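Grab a pencil and work through these exercises with the model open beside you. Each one comes with a solution that goes step by step.

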Amino acid sequence: MRNMKLLVLSDLHVTTGAPIHGRDPVTWLTRAVDHIVRCHAGADRCLIVGDLAHHGRVAEYRALKAALERLPMPYGLTLGNHDDRGHFLSVFGSDFADETGFVQSVIDIGTYRCLLVDTHRPGSGAGSLDNGRLERLEAMIAGADRPCLLFMHHPPIDTCLPAFETIGLIDRPAFAAMLAAHRDTVAGIFFGHCHMPINGTIEGIPAFGVRSPVYQSLPDFDRPRFLAGPDLLPAYSLVIETGSGLAIHAIEFGYSGSITASD
Ligand SMILES: [Fe+2]
Ligand SMILES: [Fe+2]
């Protein structure tokens with residue numbers, strides 16, 4: 001069996017022309033796709049963990065779908081707080097949703113089971129696993145015959161940043177309790193929402209923040225402010241199954257400065 005190779009993107013914030021924090025989202029998403037086509041066309045899947053469209057509009061999802069058509073591998077999607085579930089499904093169709101209507105799916109790749117988890121909570125910046133989502137997720141993890149990787153928008157860890165106290169995962173304590181019972185099965189969690197390189201652990205399970213290919217943030221540990229820095233480098237993540245675990249790289253595709261090499 002060939003080892004798994006995944007691309008993970010988050011926080012595309014696609015618009016139909018309006019710049020977000022000084023950047024045109026479609027321009028930067030297109031640059032990311034160009035880089036993927038050039039450098040990682042052989043990856044098994046591209047998984048995108050929410051904030052797909054900045055205003056959740058139908059026209060934004062159409063623009064997103066057009067931009068993703070050039071990806072050489074299949075892709076999977078789930079939603080973030082900026083998204084609109086109904087508008088998303090009207091453009092992408094029910095293939096991206098489970099039988100309960102949430103935008104989440106299960107994909108087996110290599111020796112791993114990848115679970116895309118929909119934490120979107122309509123009308124809120126916060127995320128949730130309500131309406132049976134947490135129980136359903138636990139049942140899928142409990143029934144898995146291989147290690148699971150979770151992919152979700154809202155951070156499962158306590159970021160220690162005031163900005164995320166009101167827009168975090170509301171049921172994070174219950175989520176943590178569920179993970180504690182399944183830490184032998186859940187091998188890792190990938191999340192977005194923060195727009196910065198933030199990693200951590202929850203109940204002994206590693207969790208990795210995925211940077212945005214559009215705009216980045218900086219941590220403010222003192223005030224509940226979400227900072228944005230247009231000149232910080234955008235990135236997507238590359239996840240490689242090594243045989244003894246995972247190697248995870250941030251691919252800074254937007255860097256255009258000088259590069260030197262030593263032998
Ligand atoms: Fe975002
Ligand atoms: Fe978000």
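**Exercise 1: Strand β6 and its partners**

Met152 stands opposite Phe191 in β7. Before going on, know that this is a predicted model, where local features need pLDDT of at least 70, side-chain atom pairs count only at pLDDT 80 or more, and totals for chains, interfaces and linings use all residues. Residues are numbered from 1 along each chain as its sequence is written, while chains are lettered from A and ligands numbered from 1 in the order in which they are written.

Task: find out which strands pair with β6, and in what sense.

Step 1. Strands (E, at least two residues) and helices (H or I, at least four) are DSSP runs, numbered from the N terminus. Two strands pair if DSSP finds at least two bridges between them.

Step 2. Look at β7 (residues 186-191): β6 pairs with β7 in the parallel sense, over five bridges.

Step 3. Now try β5 (residues 112-117), which also pairs with β6 in the parallel sense over five bridges. Here Val117 is the residue opposite Met152.

Step 4. Follow the chain: it goes from β5 through helix α4 (residues 133-142) to β6, a right-handed β-α-β crossover. Right-handed means that, with the strands pointing away from you, the path from the first strand over the helix to the second runs clockwise. Another right-handed β-α-β unit is made by β6, helix α5 (residues 172-180) and β7.

**Exercise 2: Helix α1**

Task: check the span of α1, then work out where its buried residues lie.

Step 1. The expected span is 1.5 Å times one less than the number of residues. For the 15 residues of α1 (residues 25-39) that gives 21 Å, and the end C-alpha atoms are 21 Å apart, so the two agree.

Step 2. List the buried residues (20 or more other C-beta atoms within 10 Å of the residue's own, with C-beta atoms placed from the backbone; exposed means 12 or fewer). They are Pro25, Val26, Trp28, Leu29, Ala32, Val33 and Ile36.

Step 3. Look down the axis of α1: the buried residues fall within an arc of 165°, so they line one face of the helix. The arc is taken from the directions from the helix axis to the C-beta atoms.

Step 4. Turn to the other side of α1, where Thr27, Asp34, Arg38 and Cys39 are exposed.
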